[in-house]
Amino acid sequence: MMETQTLSKVDLADVFQRQQRKALQLKKSTAQERIARLLKFKEAVIANIDNVYEALYKDYKKPKEEAFETDSVIVEIDFVTDHLEKWMNPQAVPTPEDLGGEASVSKIILEPKGVCLFLTPWNYPVLLTLRPLVSCLAAGNTVIIKPSELTPHSSKLIKEIIESVFPKDEVFVMEGGADVASELLDLPFNHIFYTGGTRVGKIVMKAAANHMASVTMELGGKCPSIIDDSADFADAAGKIVWTKFFNCGQTCITTDYILVSENRKDEFIAHLKGTIEHMYGVDGPGIESSKYARLVNNNHYQRVKRLLDDALENGATLVTGGKTNDEENYISPTLLDNVDPDLAIMKEEIFGPLLPVLTYKTLDDAIDFVNQRERPLGLYVYSKDKVAADKVISSTTAGGSVINHTFMHYMSPYLPFGGVGNSGIGRGNGYFGFMDFSNQRPVLEMP
């Protein structure tokens, strides 16, 4: 286990003050200067691709086939650097006649928010730290990052990558646990970017309120996949199984539960079961497998196992999977039928390899079921009927949605990513991430 870095309050305050001073300089930086920094950052990411694979495997046996976290970071850098000059240009807007009309000049300029704090997660530690960092740096901010202590090898590597590119008055990585996060939250940051659970998100928001800092909250929630009767069941099952059990189910925007019509449930479950057993084996991948990630630690494993045990003890049916190993933090890909909506598994975000299937009588019932719960980070509809799919989208609210797939919207730099209500605040990716880290400052020049 690596040693945890600590800083005294005096040292941390010094880093923060240096970043405040540097933020004033970076505010005046040109697009070309920011692009140069991002391209240097890209070189460091590319140079460490193999190290990322190794760190993720050491942290929770994440297989190389699922450890391509750097790909999206590189795509993001390329996209942002291609468009940044245009985004930074002041936007001219009309001036009302009573404010001078054509004799006046109205424009909107974008300026950095200042010194930002990143509190980043363990489930995709490299991706979910470095991809939003691209937007933050493109907007001209300075940043202090606290990566998750639950993935120490990845956190150490993130620190090494950052230190190879940026001086600490621009970007600084501070490793540590909850005590370090608490110390950081005492500082008057201008913007806080947090990815994680809602419970801690509320703590972060309260701390931000003390300094009137703006926030971006990428949280989670129970993301449904609604299967319309017109859907291609084999295709839907394949996509849901792949995205659900990728990273051992530890993906905030993957399917948390399935809603399928009563009349077609058995048929769809057969497709899901067949797909799981084809991809992972009838008995699951097994504890010796190097191709299947583990739950990140024993506490998380025990929490997910309790959800499974509670469901089975209260009437849920085990269709396939359910194999567990305490020493390996291993739970095989698990499919559950006859799940009571009042059970804990349907009240907590699962964040593990358990997939409950519930039924509805009519599509309106499915829509009502979703709307009676917290607004999800993602909502997915599988349907060949455009009218039915559009009805689900227009009748519900979610952070993002995909029709006939799960979570692929996150991959597009042209689409905003984020939650709504309990699942998050703010937007990332491409232009939307750049705007999230920018202050839109109106300027009116009158004669």
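Which residues lie nearest the centre of the largest pocket? The views below take that up, using a predicted model in which local features need pLDDT of at least 70, side-chain atom pairs count only at pLDDT 80 or more, and totals for chains, interfaces and linings use all residues. Numbering runs from 1 along each chain as its sequence is written, and side-chain values use heavy atoms, with hydrogens and water left out.

**View 1. The largest pocket and its lining.** Tyr194, Gly196, Gly197, Thr198 and Val200 lie nearest the centre, out of 49 lining residues. (A pocket is an open set of points on a 1 Å grid over the protein atoms alone, where a 1.4 Å probe fits, with protein on both sides within 12 Å along at least five of seven lines; lining residues have an atom within 4 Å of a point.) The lining splits into 21 nonpolar, 16 polar and 12 charged residues. Helix α8 chips in five residues, the largest share.

**View 2. The second largest pocket.** Here 19 residues make up the lining, and Tyr124, Leu127, Phe407, Tyr410 and Met411 sit nearest the centre. By class we get 13 nonpolar, three polar and three charged.

**View 3. Phe268 in the largest nonpolar core.** This core (buried nonpolar residues, under 20% relative accessible area with a 1.4 Å probe and protein chains only, joined through side-chain atoms within 4.5 Å) holds 112 residues, and Phe41, Phe268 and Ile345 have the most contacts inside it. Beyond its neighbours within four places in sequence, Phe268 is in contact (heavy atoms within 4.5 Å) with residues including Ile227, Phe233, Ile240 and Val260.

How values were computed
Helices (H or I, at least four residues) and strands (E, at least two) are DSSP runs, numbered from the N terminus. Ala, Val, Leu, Ile, Met, Phe, Trp, Tyr, Cys and Pro count as nonpolar, Asp, Glu, Lys and Arg as charged, and the others, Gly among them, as polar. Buried means under 20% relative accessible area, exposed over 50%, partly exposed in between (1.4 Å probe, protein chains only).
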